[in-house]
Amino acid sequence: MRGMLILYLALIAALPVAIMATVLPVNSYQAQGIDALDCDGPASVLLFAVPTLLVYAAGAILLYRRRNRRLHLVASLCCALVFCAAGWNAAAALRDSYGAASAEACG
């Protein structure tokens, strides 16, 4: 029981990082309405996305293993949703980073 409390507290503590990982735009110039390449934009997204992916993947796995209680199952599904949202933004950042236009301009 004590371990689950620590896990829940770690997930709550990591929530601001997860919010930043999902909210940050992949290309800050395009977010402002400027059609330009952002060479260091993906790094700022991945700075928040990588820890979020690690923490919430571990949380989803550990909570799913104890799914006999309904709270743990719901929390596991919430962790999976946060993982998917942060992973989607990280994948978009990597896709934008390794595009054909950015390889020529930012290389």
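**A helical chain and its nonpolar core**

The largest nonpolar core has 10 residues, namely Met4, Leu7, Leu11, Ala14, Ala18, Tyr56, Ala60, Leu63, Ala75 and Cys79. Helices α1 (2-13), α4 (41-65) and α5 each put at least two residues into this core. All of this is read from a predicted model, and the rest of the picture can be built outward from that core.

First, the overall layout. The chain's secondary structure comes to 6 helices and 0 strands, so the pattern along the sequence reads simply α-α-α-α-α-α. Buried residues account for 26% of the 107 residues in the chain. Contacts tend to reach across the sequence: of those between residues at least 6 apart, 68% join residues at least 24 apart. On the outside, the chain exposes about 7200 Å², with carbon and sulfur atoms supplying 68% of that area.

Back to the core, and to Leu11. Setting aside residues up to four places away in sequence, Leu11 touches Val55, Tyr56, Gly59, Leu63 and Cys79. Tyr56, Leu63 and Cys79 are also listed as members of the core. Gly59, another of the residues that Leu11 touches, sits in helix α4. Gly59 counts as buried because its relative accessibility is 0%, and the cut-off for buried is under 20%. Its own contacts, again leaving out residues up to four places away, are Leu7, Leu11 and Cys79. Gly59 and Ala10 are 49 residues apart along the chain, yet their C-alpha atoms are separated by 8.8 Å.

Ala18 brings another helix into view, since its place is in α2 (residues 15-23). With a relative accessible area of 3%, Ala18 is buried, and it is listed in the core too. Apart from neighbours within four places in sequence, Ala18 is in contact with Thr52, Tyr56 and Val82. A further pairing is with Val50: Ala18 and Val50 are 32 residues apart in sequence and 9.6 Å apart in space, C-alpha to C-alpha.

Helix α5 deserves a paragraph of its own. It runs over residues 70-97 and has 28 residues, reaching 40 Å from its first C-alpha to its last, which is close to the 40 Å expected at 1.5 Å a residue. The buried residues in α5 are His72, Ala75, Ser76, Cys79, Ala86, Asn89, Ala90, Ala92 and Ala93. Of these, Ala75 and Cys79 also appear in the nonpolar core.

His72 is a good residue to look at within α5. It counts as buried because its relative accessibility is 7%. His72 touches Met4, Tyr8, Leu63 and Arg66, not counting residues up to four places away in sequence. Two of those partners, Met4 and Leu63, belong to the core.

Leu94 lies in α5 as well, but its setting is another matter. Its relative accessibility is 38%, so Leu94 counts as partly exposed. Leu94 and Val45 are 49 residues apart in sequence, while their C-alpha atoms are 9.3 Å apart in space.

Finally, the surface. A nonpolar patch of about 320 Å² is made there by Leu5, Leu9 and Ile12. Ile12 is found in helix α1, the helix that also supplies at least two residues of the core. Ile12 counts as exposed because its relative accessibility is 57%, and exposed means over 50%. Helix α1 therefore has a part in both settings, with Ile12 exposed and at least two of its residues in the core.

Methods. Residues are numbered from 1 along each chain as its sequence is written. This is a predicted model: local features need pLDDT of at least 70, side-chain atom pairs count only at pLDDT 80 or more; totals for chains, interfaces and linings use all residues. Side-chain values use heavy atoms; hydrogens and water are left out. Helices (H or I, at least four residues) and strands (E, at least two) are DSSP runs, numbered from the N terminus. Buried means under 20% relative accessible area, exposed over 50%, partly exposed in between (1.4 Å probe, protein chains only). Contact means heavy atoms within 4.5 Å. Accessible areas come from the Shrake-Rupley method with a 1.4 Å probe; for residues, only the protein chains shown count as cover. A nonpolar core is a set of buried Ala, Val, Leu, Ile, Met, Phe, Trp, Tyr and Cys residues joined through side-chain atoms within 4.5 Å. The expected span of a helix is 1.5 Å times one less than its number of residues. Patches are made of residues with over 30% relative accessible area and no salt bridge: like charges are joined within 9 Å, nonpolar side chains (Val, Leu, Ile, Met, Phe, Trp, Tyr) within 5 Å. A salt bridge is a side-chain nitrogen of Lys or Arg within 4 Å of a carboxyl oxygen of Asp or Glu.
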